[in-house]
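Good morning, and thank you for the time. I would ask everyone to look at the sequence and the model together while I speak.

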Amino acid sequence: MFYEKKVETQITGIGQWIANLAIEDIPEEVVDLAKLQFLDILAAIFAGSKSMFGEPIRQAVLRTTSSGPCTVLPGGERLAVLDAIYLHATLANAIELDNLVFMGHVGQSGVTVPLALAEMFKKNVKTMLLAQIAAVEVAGRMGAYFSTGPLQGHMRSYLHRTAGAVAASKMMGLDSKTTANALAIALSMPEFPLYPSAFSPDTKILCTSSPASEGARAAFMAAEGICPAMDILEHPAGFSAFFGQLKHPPDVCGQLGKTWALHALSCKMFAACAYAQGPVAAALDILKTHAIQPEMISRIDVAAPITTVTMESFSKPHRGAGITVVN
């Protein structure tokens, strides 16, 4: 131990839940949803690889990595574990075909980290799914905890640091204390994407990449005895002060194991933000039975919940940027 400050914090309790979680504790329908999420992220990776970003991103990673134990999809290259996670997380994020759960897009890390480490450590599918579920449940709640903060949507890169650390800790079989350390390490130096880089430019697709890799690395750091500030969430100058605006944030992780973020799993059928899926589906249904031409349309009304109205306001920076794969 190089540094240790004994203190009971939210992260301490979360670490205990993660370490103690067994597949038998998880409702069968949640496990089924995790399988769907896994398959959906794989599909997003394959789709992203065929997008205009797929080959440039792959080439950039190949030029800066070395061979390793992890297979990269869909080409089959064998890369170092963190580079495999980085590339998969990028491709899954490339054309908005990722999925989301309660309060967060976390599949890019919640799936890719267990996938890479299962191959590296030769673990079975049950272990991989368990790590995925633990990662998604904790990271999803982190999204709710900081939903009032300065970052939104894919910009909330700390969700992927969280999911990466949780998944890697579970795959490595770390105890509760070491798992808590991994989570605290991951949240100690979060990325802070800037709005101009995370809307219309190509750089939006990178929001999930480094956080997923660094989250996984945090577990390896913790396993070697690195001790972080365990009160990184609650400290007056800590995570909550910079990434949230509530004076007394709720303990959303108190419901871990009682409610499941995966119950809100939303898989996308169209390459667009989740809030656009309903209106697009409705428009396509209308066109099946009505021959409507653009010049016939004078007005479109969409009934939507308040979250959609909020998301629509975030689209303002896109206006005037032209139509691209990203925006």
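Let me begin with a question: does E96 count as buried or exposed? The model before us is predicted, and in it E96 has a relative accessibility of 9%. Buried means under 20% relative accessible area, so E96 counts as buried. I shall return to this residue after an overview of the chain.

First, the overall form. The protein chain holds 13 helices and two strands. Its radius of gyration is 20 Å, close to the 20 Å that the globule rule gives for 327 residues, so the chain is as compact as a globular protein of that length. Along the principal axes, the C-alpha trace spans about 70 × 45 × 40 Å.

As to burial and surface, 49% of the 327 residues are buried. The accessible surface comes to about 15500 Å², and carbon and sulfur atoms account for 61% of that area. With regard to charge, the chain has 24 positive and 27 negative charges, and the mean positions of the two sets are 2 Å apart. Among contacts with a separation of 6 or more, 81% are between residues 24 or more positions apart.

Next, the interior. The largest nonpolar core has 93 residues, and those with the most contacts inside it are I11, I26, L187 and L262. Which helix gives the most to this core? That is helix 7, residues 125-145, with 12 residues. L262 shows how such contacts bring together separate parts of the sequence. Leaving out residues up to four places away in sequence, L262 touches V30, L33, A34, Q37, V101, I133, V136 and E137. Of these contacts, I would point out I133, V136 and E137, whose numbers fall within the range of helix 7.

Let me now turn to helix 9, which runs from 176 to 186. Nine of its 11 residues are buried, so this helix is largely enclosed by the rest of the structure. The buried residues are T178, T179, A180, N181, A182, L183, A184, I185 and A186. What covers them includes helix 1 (10-20), helix 8 (158-172) and helix 10.

Following the chain onward, K204 is placed in the loop between helix 9 and helix 10. Is this lysine buried or exposed? With a relative accessible area of 13%, K204 is buried. Apart from its neighbours within four places in sequence, K204 is in contact with N93, E96, H154, S197, A198, F199 and V326. One of these partners is E96, the residue with which I opened.

Helix 10 covers residues 209-223, and S209 is found in it. S209 is buried, with a relative accessible area of 0%. Setting aside neighbours within four places in sequence, S209 is in contact with Y86, A89 and T90. The C-alpha atoms of S209 and E137 are separated by 20 Å, while the two residues are 72 residues apart along the chain.

I come now to the backbone. Most residues other than glycine have a negative phi, and most peptide bonds are trans. Which residues depart from this here? E96, although not a glycine, has a positive phi of about 60°. E96 lies in the loop between helix 4 (81-93) and helix 5 (107-110). M103 is also placed in the loop between helix 4 and helix 5, and has a positive phi of about 65° without being a glycine. E96 is buried, whereas M103 is partly exposed, with a relative accessible area of 31%.

There is also a cis peptide bond, from L73 to P74, with omega near 0°. P74 is found in the loop between strand 1 (67-71) and strand 2 (78-79).

Finally, two positions later in the sequence. V280 is found in helix 12, residues 277-289, and at 30% relative accessibility counts as partly exposed. Its C-alpha atom is separated by 7.9 Å from that of F270, which is 10 residues away along the chain. I306 is found in helix 13, residues 306-313, and is exposed, with a relative accessible area of 63%. The C-alpha atoms of I306 and D40 are separated by 27 Å, the two being 266 residues apart along the chain.

To close, I would ask you to keep E96 in view: a buried residue with a positive phi, in contact with K204. Thank you.

Technical notes. Residues are numbered from 1 along each chain as its sequence is written. This is a predicted model: local features need pLDDT of at least 70, side-chain atom pairs count only at pLDDT 80 or more; totals for chains, interfaces and linings use all residues. Side-chain values use heavy atoms; hydrogens and water are left out. Helices (H or I, at least four residues) and strands (E, at least two) are DSSP runs, numbered from the N terminus. The radius of gyration is taken over C-alpha atoms; the globule rule is 2.2 Å times the number of residues to the power 0.38. Buried means under 20% relative accessible area, exposed over 50%, partly exposed in between (1.4 Å probe, protein chains only). Contact means heavy atoms within 4.5 Å. Accessible areas come from the Shrake-Rupley method with a 1.4 Å probe; for residues, only the protein chains shown count as cover. Lys and Arg count as positive and Asp and Glu as negative; His and the chain ends are not counted. The place of a charge is taken as NZ of Lys, CZ of Arg, CG of Asp or CD of Glu. A nonpolar core is a set of buried Ala, Val, Leu, Ile, Met, Phe, Trp, Tyr and Cys residues joined through side-chain atoms within 4.5 Å.
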